Amino acid sequence: MMGLLDRIREWFESLFGVVLKVDMAIDLGTANTLIYLVGEGIVLNEPSFIAIENKSEVVAVGREAKVMWGRSPKHIDVINPINDGVIDHYDATYFMLRNFFNKAGLKLKTGKVRMVMCIPSKVTQVEKSAVVDIAHELGAKEVLLIDEPMAAAIGAGIPIHEPRGNMVVDIGGGTTDIAVISMGGISVKDSIRVAGNELDEAIRNYVRDKYNLLIGWSDAENVKISIGSATPEERKGRMVVGGRDLASGTPKEVEITSEEVWEAVSPYVETMVDAVRRVLDITTPELVSDIAKNGVYLTGGGSLLHGLDRFMERKIKVKVVRVSNPLEVVVLGAGKALEEYDNYRNAFV
Ligand code: ADP
Ligand code: MG
């Protein structure tokens, strides 16, 4: 129900064109940052990158900065300030977000700003305070924190309050986070530092060792997305990649196949699956039985690796369901928790 004060505020806002109240959620990921504005939806979705010239001037953020990665001259630093889900470079993160706010047309210096920040379930107190500090610096009057697996579960439409176990596996850029959620809380969780970026590195190393060719990070990622696969038989693609020949130092190109990419990434895919199996091993039989009924929910961009859902399902012998929008569920869930605050107040940390 909308109170009288809210009505007066809305009337004032529309009359004078100033926004007095903003509710928003931010998923500050290792690979991608998303901003959700209550009443509007996702207003920003960009890679977590910033390019800084002469250590002071911001030259680009997001997609534009990521393209400069490995291509910039000495006086421009291209920084990916989030590492394994936590803030690694405080100032760079602040400037990146401030620029993202500008891009999304958000001006937050006035009014009542409530900000939900999504955090990995395994963070230290210091890492948590860095997130809170940055939110305040960006203009938040009130900062709420939510565990990413919890946000993902809400975003995926899982009824988190029921006394029924649900497993969420979020494969991001830096980490794979596994959590069993029941009765509005996390009962078992684990996080490993093997996720999407590790697969890119595996492809890079494979091409280096087999062809004596060094390729760029983004090219390795493109190979993974375009022809990569979690199984050797499901995808038959080939792709040309270029880089620097390690022996001669000159440019070189080779053609690689899906099968080779599978060979490169498969040990890491196995590691992720093993981590899921280990969490199932320490989960109570009641919850495991629930999970078996509902299936394991796969989220995060890393879950888009071709055939990963089916491969995992075969290995853990439990149904695996990839959510329909794996790159967005965390921020969507955080936004929903804020929109329906009374219903989800316990979901915040
Ligand atoms: P984070 O939350 O850590 O920022 P995301 O959930 O945004 O991570 O996922 C980013 C990861 O997903 C990257 O490693 C990216 O390469 C990977 N990714 C995105 N799309 C695909 C795809 N189609 N196939 C395989 N991996 C993908
Ligand atoms: Mg994430």
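**Entry 1: strands 2 and 3**

I started at the hairpin that strand 2 and strand 3 make, with three residues between them. This is a predicted model, so I read everything below with that in mind. Gly39 sits in the turn, and I noted its positive phi of about 95 degrees. Strand 2 covers residues 32-37 and strand 3 covers residues 41-47. I looked up how the two pair: antiparallel, over six bridges. For one pair across the hairpin I picked Tyr36, which stands opposite Ile42 in strand 3.

**Entry 2: strands 14, 15 and 16**

Next I went to a second hairpin, made by strand 15 and strand 16, with five residues between them. Here I found Gly249 in the turn, with a positive phi of about 80 degrees. Strand 16 takes in residues 251-257, and seven bridges join strand 15 to strand 16 in the antiparallel sense. I wrote down Met239, whose bridge partner in strand 16 is Ile256.

Then I asked myself what joins strand 14 to strand 15. Two bridges do, and these strands also turn out to run antiparallel. Strand 14 is just residues 213-214, while strand 15 spans residues 238-245. Leu214 has Arg244 of strand 15 as its bridge partner. So my sketch of this part has strand 15 joined to strand 14 by two bridges and to strand 16 by seven.

**Entry 3: around ligand 1**

Which residues come nearest to ligand 1? I counted 17 around the ligand, and the nearest are Ala31, Asn32, Gly173, Glu221 and Lys224. I then checked three of these for polar contacts with ligand oxygens.

- Ala31 uses its backbone: an N or O atom there lies 2.7 Å from an oxygen atom of ligand 1.
- Asn32 uses its side chain, with a polar atom 2.7 Å from a ligand oxygen.
- Glu221 also puts a polar side-chain atom by a ligand oxygen, at 2.6 Å.

How much of ligand 1 does the protein cover? I get 87% of the 580 Å² of accessible area that the ligand has on its own.

I also looked at where the shell comes from. Helix 6 (196-211) and helix 7 (217-227) each supply at least two residues. Helix 7 has the largest share, three residues. Sorting the shell by class gave me 10 polar, five nonpolar and two charged residues.

**Entry 4: the cavity**

Last, I searched for enclosed space. I found one cavity of 30 Å³ or more, and about 60 Å³ of space lies in the largest cavity. Its lining is Leu28, Gly85, Val86, Cys118, Ile119, Pro120, Val123, Glu127, Lys128 and Val131. Two elements give two or more residues to this lining: strand 9 (112-119) and helix 4 (125-137).

Which of them gives the most? Helix 4 does, with three residues. By class I have seven nonpolar residues in the lining, one polar and two charged. I put that beside the shell of ligand 1, with its five nonpolar and 10 polar residues.

Technical notes. Residues numbered from 1 in each chain as written. Chains lettered and ligands numbered in written order. Predicted model: local features only at pLDDT ≥ 70, side-chain atom pairs only at ≥ 80, totals over all residues. Heavy atoms only, no water. Pairing = 2+ DSSP bridges. Helix = DSSP H or I, 4+ residues; strand = E, 2+ residues; numbered from the N terminus. Near = heavy atom within 4 Å. Polar contact = N/O pair within 3.5 Å; in protein donor to acceptor, adjacent residues only side chain to side chain. Areas by Shrake-Rupley, 256 points an atom, 1.4 Å probe, with all protein chains shown as cover. Nonpolar A, V, L, I, M, F, W, Y, C, P; charged D, E, K, R; others polar. 1 Å grid on protein atoms, 1.4 Å probe; cavity = no way out; pocket = protein on both sides within 12 Å on 5 of 7 lines; lining within 4 Å. Points joined across faces, edges and corners; volume = space filled by probe spheres on them.
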